[in-house]
Amino acid sequence: MSAPRTTLPWPLIALFTAGYLAPYLLPTTVGRLDSGLPLSATQAGAVGSALLLSSASAGFLLASRVDRIGPRLLARTGLVLAVLGYGGAALTHTLWAVIAGVLIGGFGSGTATTVAATGIAAQPDPHRTTTLGLLGVSALAGAVYLTVPHLGPGHGQPLAAIALTAAAVWPLTARLAPATAPHRTRQQPKTPLPHLRAGLLLAFTLPCWSLAQNSLWGVSGRIGLDQAHLTEATVGAVFAIALGAGLLGVIGASALGPRLGRALPIGAGTALIAACIALSASATDLTTFATGEIAWNTLYPIVLSYVIGLAASLDPRGRWAVLVGSASSLGTAAGPLAGSLLSAQAGFGTMGLVLAAGLLLIAVPMTAVAMGKGRRSLPVVEIPVEAPTYNKATAA
């Protein structure tokens with residue numbers, strides 16, 4: 001007799017997609033805010049950073065409250081905020097209203113992401129669920145990048161795409177659980193954080209690592225348009241291919257597992273990412289731009305998965321993983337503004353060199369922490385892409 005097939009948690013996968021779509025569309029969103037509204041490139045980058053910071057703040061505030069409030073209510077609240085915020089921002093040309101809408105929508109995206117991440121962590125096969133979520137958001141973002149250039153100018157199209165996605169996901173929230181009140185964690189004895197020095201070092205370095213990634217991602221659209229002199233349709237196609245390459249990176253990280261340890265993927269991978277950032281930022285033609293963006297999107301999730309695994313190995317109760325992930329989200333949020341400021345003051349090429357040099361410096365302490373924990377077994381982890389994204393995302 002064959003084993004029963006596991007039912008996939010489609011509501012969580014859909015919430016994951018809706019929550020992560022905004023970071024994935026950051027380059028086109030920032031670029032169109034710059035061109036469609038009375039904003040400078042730096043100011044548009046600041047709005048992008050504010051969106052991500054609003055999304056990150058939802059995670060800080062709600063991560064421990066999902067069960068108490070209820071996944072269904074919290075998910076619906078987040079989706080409503082996303083529809084109202086992004087939809088309102090897409091329909092108006094009043095600057096303050098656009099900014100307010102982006103902030104409200106960002107908090108809604110972060111709320112949806114928080115519910116999805118909490119639910120996915122409790123699944124029998126969380127890695128499979130996460131991979132399907134990444135598949136969904138990568139495919140949807142790629143479709144938006146291919147479609148938006150053909151819908152005319154203006155800032156509203158990518159924002160409307162996020163709002164419509166949130167509205168489409170709403171019916172699936174009926175299958176989420178109502179509020180529960182588990183108090184098991186209150187009976188757990190309070191113990192100090194283990195490996196304090198290593199954990200603090202990782203918590204201080206990872207925001208800089210994430211900031212460098214999203215500094216490039218936040219201005220990648222402008223690099224393609226202004227420096228490489230590509231059309232918006234061509235840039236969108238490059239991003240769509242790059243997001244597909246990022247998905248291959250997710251699959252590759254899962255396939256590699258613990259075979260290479262942690263230090264080599266984190267140290268050498270970060271060095272290769274630094275080279276990709278410098279290459280992409282210096283691009284003056286399609287070949288260089290596409291090579292840098294696609295290679296970077298492939299490597300980023302691989303390295304990120306090992307960093308998350310390293311944080312998880314520092315504390316079996318997962319406290320360092322939460323703290324390091326939260327710290328990383330702050331770097332992610334600051335990325336678009338930092339990239340805009342650097343490129344405005346020094347140009348894209350110099351910005352890439354500065355970010356690459358910073359990554360090489362950061363790789364040293366991160367690798368040292370990984371070498372110190374090299375004897376511990378690698379846990380199975382899920383990749384939350386900041387976008388990009390990755391968490392960026394997508395990374396994320």
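**Helix packing and burial in a predicted model**

Q: Which residues is Met-366 in contact with, leaving aside its neighbours within four places in sequence?
A: In this predicted model, Met-366 is in contact with Leu-202, Thr-205, Leu-206, Trp-209, Ile-266, Val-307 and Leu-310, once its neighbours within four places in sequence are left aside.

Q: What makes up the largest nonpolar core, and which residues have the most contacts inside it?
A: The largest nonpolar core has 97 residues. Those with the most contacts inside it are Met-366, Trp-296, Phe-289, Ile-223, Trp-209, Tyr-86 and Leu-15. Helix α13 (residues 286-313) gives the most to this core, contributing 11 residues.

Q: Why is α12 described by its direction relative to α15 in the way it is?
A: Helix α12 (residues 263-281) packs against helix α15 (residues 348-372) at an angle of about 180 degrees, and the axes are 8 Å apart. Angles over 145 degrees count as roughly antiparallel, and α12 is therefore roughly antiparallel to α15. By class, the residues of this contact of α12 with α15 are 19 nonpolar, 5 polar and no charged.

Q: How do you know what the relative direction of α10 and α15 is?
A: For helix α10 (residues 196-227) and α15, the packing angle is about 155 degrees and the axes are 9 Å apart. Set against the cut-off of over 145 degrees, this angle makes α10 and α15 roughly antiparallel to each other. The crossing of α10 and α15 is left-handed. The contact of α10 with α15 has 18 nonpolar, 5 polar and 1 charged residues.

Q: What makes α2 and α10 parallel, antiparallel, perpendicular or oblique to each other?
A: α2 and α10 pack at an angle of about 60 degrees, with their axes 7 Å apart. Roughly parallel requires an angle under 35 degrees, and roughly perpendicular begins at 65; α2 and α10 are therefore oblique to each other. The crossing of α2 past α10 is right-handed. On the α2 side the contact is made by Leu-26, Pro-27, Val-30 and Asp-34, and on the α10 side by Trp-217, Gly-218, Gly-221 and Arg-222. These residues of the contact of α2 with α10 divide into 4 nonpolar, 2 polar and 2 charged.

Q: Why does Val-30 count as buried or exposed?
A: Val-30, in helix α2 (residues 26-36), has a relative accessibility of 1%. Buried means under 20%, so Val-30 counts as buried. Leaving aside its neighbours within four places in sequence, Val-30 is in contact with Ala-44, Gly-45, Gly-48 and Gly-218. The C-alpha atoms of Val-30 and Gly-48 are separated by 6.0 Å, although these residues are 18 residues apart along the chain.

Q: How do you know whether Leu-135 is buried, exposed or in between?
A: Leu-135 is found in helix α7 (residues 126-147) and has a relative accessible area of 37%. Values between the cut-offs of 20% and 50% are partly exposed, and Leu-135 is therefore partly exposed. Leu-135 and Thr-17 are 118 residues apart in sequence, with 8.6 Å from C-alpha to C-alpha.

Q: What is the phi of His-229, and why does His-229 count as buried or exposed?
A: His-229 has a positive phi of about 60 degrees although it is not a glycine. Most residues other than glycine have a negative phi. His-229 lies in the loop between α10 and α11 (232-256). Exposed means over 50%, so His-229, at 63% relative accessibility, counts as exposed.

Technical notes:
Residues numbered from 1 in each chain as written. Predicted model: local features only at pLDDT ≥ 70, side-chain atom pairs only at ≥ 80, totals over all residues. Heavy atoms only, no water. Axes fitted to C-alpha atoms, helices over the stretch in contact; angles between N-to-C directions. Helix = DSSP H or I, 4+ residues; strand = E, 2+ residues; numbered from the N terminus. Parallel < 35°, antiparallel > 145°, perpendicular 65-115°, else oblique. Nonpolar A, V, L, I, M, F, W, Y, C, P; charged D, E, K, R; others polar. Core = buried A, V, L, I, M, F, W, Y, C linked by side-chain atoms within 4.5 Å. Buried < 20%, exposed > 50% of the residue type's maximum accessible area, 1.4 Å probe, protein only. Contact = heavy atoms within 4.5 Å. Left-handed = near helix turned anticlockwise from the far one by under 90°.
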